[in-house]
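Dear colleague,

I am handing over the structure below, together with my notes on what turned up in it. Please read the two side by side.

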Amino acid sequence: MSKAWWKSSVIYQIYPRSFADSNGDGIGDLNGITEHLDYIKELGADVIWLSPIYQSPNDDNGYDISDYQDIMTEFGTMEDFDRMISEMHKRGLKLVMDLVVNHTSDEHRWFMESRKSKDNPYRDYYIWKEPKDGKEPNNWGSCFGGSAWEYDEETGMYYLHCFSKKQPDLNWENETVRKEVFDMMTWWCEKGVDGFRMDVISMISKDPAYPDGPVADGLHGDLSPYVCNGPHVHEYLQEMNQKVLSKFDLITVGEAAGVTIEEAKKYANLDGRELNMVFQFEHMGLASGEYGKWTTDRVELKKLRAVMNKWQTELEGVAWNSLYWDNHDQPRAVSRFGNDGPMYREVSAKMIATCLHMMKGTPYIYQGEEIGMTNAYFKTIDDYRDIEAINAYKEYTESGLINEEDMLNDLKMVSRDNARTPMQWDDSPNAGFTTGTPWIKVNPNYMMINAKQALADKDSVFYYYQKLIALRKQYEIIIEGVFEGLLNDDENIYAYQRVLGDQKLVVACNFSEKEVPCTLFDGKEGQELISNYKFHKDGVLKPYEARVILY
């Protein structure tokens with residue numbers, strides 16, 4: 001396990017709907033991805049993770065699957081998939097599929113059978129409960145707003161959906177369900193898939209008592225304590241590992257909502273019994289307030305550093321970290337952690353990249369991050385497409401908890417659609433994403449920020465990411481070095497060192513737009529591996545400056 005290939009890999013996430021449209025229908029597709037594989041190869045990434053491409057009614061953009069062994073019509077055909085994976089493998093790129101098995105679509109054959117009658121053979125594939133006092137079985141709120149229970153007239157019972165009502169939760173206590181899932185995973189592995197990113201995998205085991213949850217927002221009970229890291233989750237993952245994962249040379253990462261350090265040590269233990277790594281969200285929720293994620297507050301560096309350092313030090317030698325600033329569910333990294341104004345966008349995008357990529361773990365780059373794409377800052381609710389954003393806007397404004405102007409400002413900062421605007425390829429209409437009408441608006445700054453321009457400028461964010469990735473391949477200390485935090489009380493600088501044998505790698509990143517004192521490098525002779533400034537000043541870091549020195 002110590003030299004596993006996924007430890008030195010860098011993963012590039014593609015959101016297929018927004019990446020590249022090859023047929024002009026305004027929706028990204030598999031052939032569009034195939035056409036741009038050389039771009040990802042040039043960046044230096046080793047692995048491509050695709051958000052779901054399975055058949056789906058698209059209530060939640062493909063995370064509601066109606067057929068696990070077919071391709072979404074808008075994305076192409078199974079022949080297109082086979083060609084895409086073949087072209088990836090020709091280039092030495094590996095493919096990670098998104099595995100969504102906490103729930104299916106309500107249009108999946110299993111659920112359509114399940115809801116027919118109480119004695120249907122598929123009934124127990126899902127979680128059905130009798131009404132309680134004529135109402136929902138408990139007070140749980142769905143992650144997408146409203147109740148987590150949907151009443152079904154046909155049998156007079158409720159089914160559980162932790163997300164949209166069109167995403168009924170599978171009953172993992174049913175051994176047949178587990179077998180169906182494992183058989184499907186094996187089928188994809190035999191097709192040549194190189195790994196899985198497992199959607200909300202920490203939620204597959206529920207508290208069997210189904211108790212009411214604490215009410216925080218005045219609307220519904222919080223289900224997370226009863227659906228995250230449940231009583232059998234590790235048992236199920238070990239079974240999955242024995243029956244599928246251990247039989248292939250795969251990379252696996254679990255999206256683990258509500259995961260603690262202690263749980264992560266089980267999920268991602270280096271003994272290899274479950275998964276290679278997990279996505280934790282502690283650093284993503286640091287600005288959350290009275291109404292959860294819906295806020296315009298920025299994350300304080302002290303809080304961010306404390307969380308990131310904790311995950312680095314606590315997992316050392318026990319489990320493996322995944323490293324990310326953004327993905328399809330988060331706003332754009334440079335808008336959230338850097339400065340997306342014209343003066344500092346590029347330098348701060350390079351700074352936050354340096355901070356992340358020099359840590360211990362496997363880094364993930366989300367499409368467009370490598371060219372410094374920013375939040376879209378949509379002006380009206382009509383521009384949004386994400387079910388979470390639209391439902392939250394309706395629920396909070398109609399209840400009077402947040403006024404419309406404030407809610408729109410919250411969405412501008414943290415809506416998932418910020419990450420889902422089309423990839424900005426060039427300065428032609430629709431940023432070169434499509435010749436048709438894009439399914440969601442293109443960010444208007446595409447004339448200034450696009451891949452064509454980035455590839456033409458040797459000092460661009462793109463080439464900086466390329467260099468970061470190359471360094472990881474070149475220096476073992478970046479993969480294996482032990483992490484130690486530095487300047488842990490500094491208001492502006494995130495600094496740390498990595499130690500391997502008699503080598504030391506010192507990293508310092510200024511998260512502010514002002515020049516700040518920093519004496520970490522003064523009077524020491526070392527080799528500068530990378531920096532986002534050509535010239536340095538003794539005793540200070542310039543605005544958003546990042547430096548990495550090897551001693």
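Is Cys189 buried or exposed? With a relative accessible area of 6%, Cys189 is buried. Please bear in mind throughout that this is a predicted model.

Cysteines

Cys143, with a relative accessible area of 36%, is partly exposed. The closest cysteine sulfur to that of Cys143 belongs to Cys162 and lies 6.1 Å away, which is too far for a bond, since a disulfide requires the two sulfur atoms to be within 2.5 Å. By this rule the count of disulfides comes to zero.

Strands

Strand β9, which covers residues 195-198, has both of its faces covered, with Gly195 and Arg197 buried on one side and Phe196 and Met198 buried on the other. In a regular strand the side chains alternate between the two faces of the sheet. Strand β9 pairs in the parallel sense with strand β5 (residues 94-99) over four bridges, and four bridges also join β9 to strand β10 (residues 251-255), again running parallel. Arg197 can serve as a reference point here, as this residue stands opposite Asp98 and also opposite Val253 in β10.

Elsewhere there is an open sheet of three strands in the order β6-β8-β7, with antiparallel pairing. Strands β6 (128-129) and β7 (149-152) stand at the edges with a single partner strand each, so one side of each is left without a neighbour in the sheet. The pairing of β7 with strand β8 (residues 157-160) is antiparallel and extends over four bridges, and within this pair Trp149 stands opposite Leu160 in β8.

Salt bridges

A search of the whole structure finds 39 salt bridges. One of them joins Asp46 to Lys473, whose closest N and O atoms are 2.9 Å apart. Asp46 lies in the loop between α2 (37-43) and β2 (47-50), while Lys473 lies in helix α15, so the pair ties together parts that are 427 residues apart in sequence. Asp46 is buried at a relative accessible area of 19%, whereas Lys473 counts as partly exposed at 42%.

The salt bridge between Lys90 and Glu87, with an N to O distance of 2.9 Å, is local in sequence, because the two residues are three apart in helix α3 (residues 78-90) and therefore separated by about one helical turn. Lys90 is exposed, with a relative accessible area of 61%, but Glu87 is buried, at 18%. In addition, Asp60, Lys293, Asp329, Asp386, Glu388, Arg416 and Arg420 are linked in a network of salt bridges.

The second largest pocket

About 250 Å³ of space lies in the second largest pocket. Its lining is made up of 14 residues, and those nearest the centre are Lys350, Asp459, Tyr464, Ser531 and Asn532. The elements that contribute two or more residues to this lining are α11 (345-357), α15 (461-474) and β18 (527-531). By class, the lining has five nonpolar, three polar and six charged residues.

Asp459 also takes part in a salt bridge, meeting the side chain of Lys534 at 3.9 Å, N to O. Asp459 lies in the loop between α14 (451-456) and α15, and Lys534 in the loop between β18 and β19 (540-541), so the pair ties together parts that are 75 residues apart in sequence. Asp459 is partly exposed, with a relative accessible area of 43%, and Lys534 is exposed, at 64%.

With best regards

Note on methods. Residues numbered from 1 in each chain as written. Predicted model: local features only at pLDDT ≥ 70, side-chain atom pairs only at ≥ 80, totals over all residues. Heavy atoms only, no water. Buried < 20%, exposed > 50% of the residue type's maximum accessible area, 1.4 Å probe, protein only. Pairing = 2+ DSSP bridges. 1 Å grid on protein atoms, 1.4 Å probe; cavity = no way out; pocket = protein on both sides within 12 Å on 5 of 7 lines; lining within 4 Å. Points joined across faces, edges and corners; volume = space filled by probe spheres on them. Nonpolar A, V, L, I, M, F, W, Y, C, P; charged D, E, K, R; others polar. Salt bridge = Lys/Arg side-chain N within 4 Å of Asp/Glu carboxyl O.
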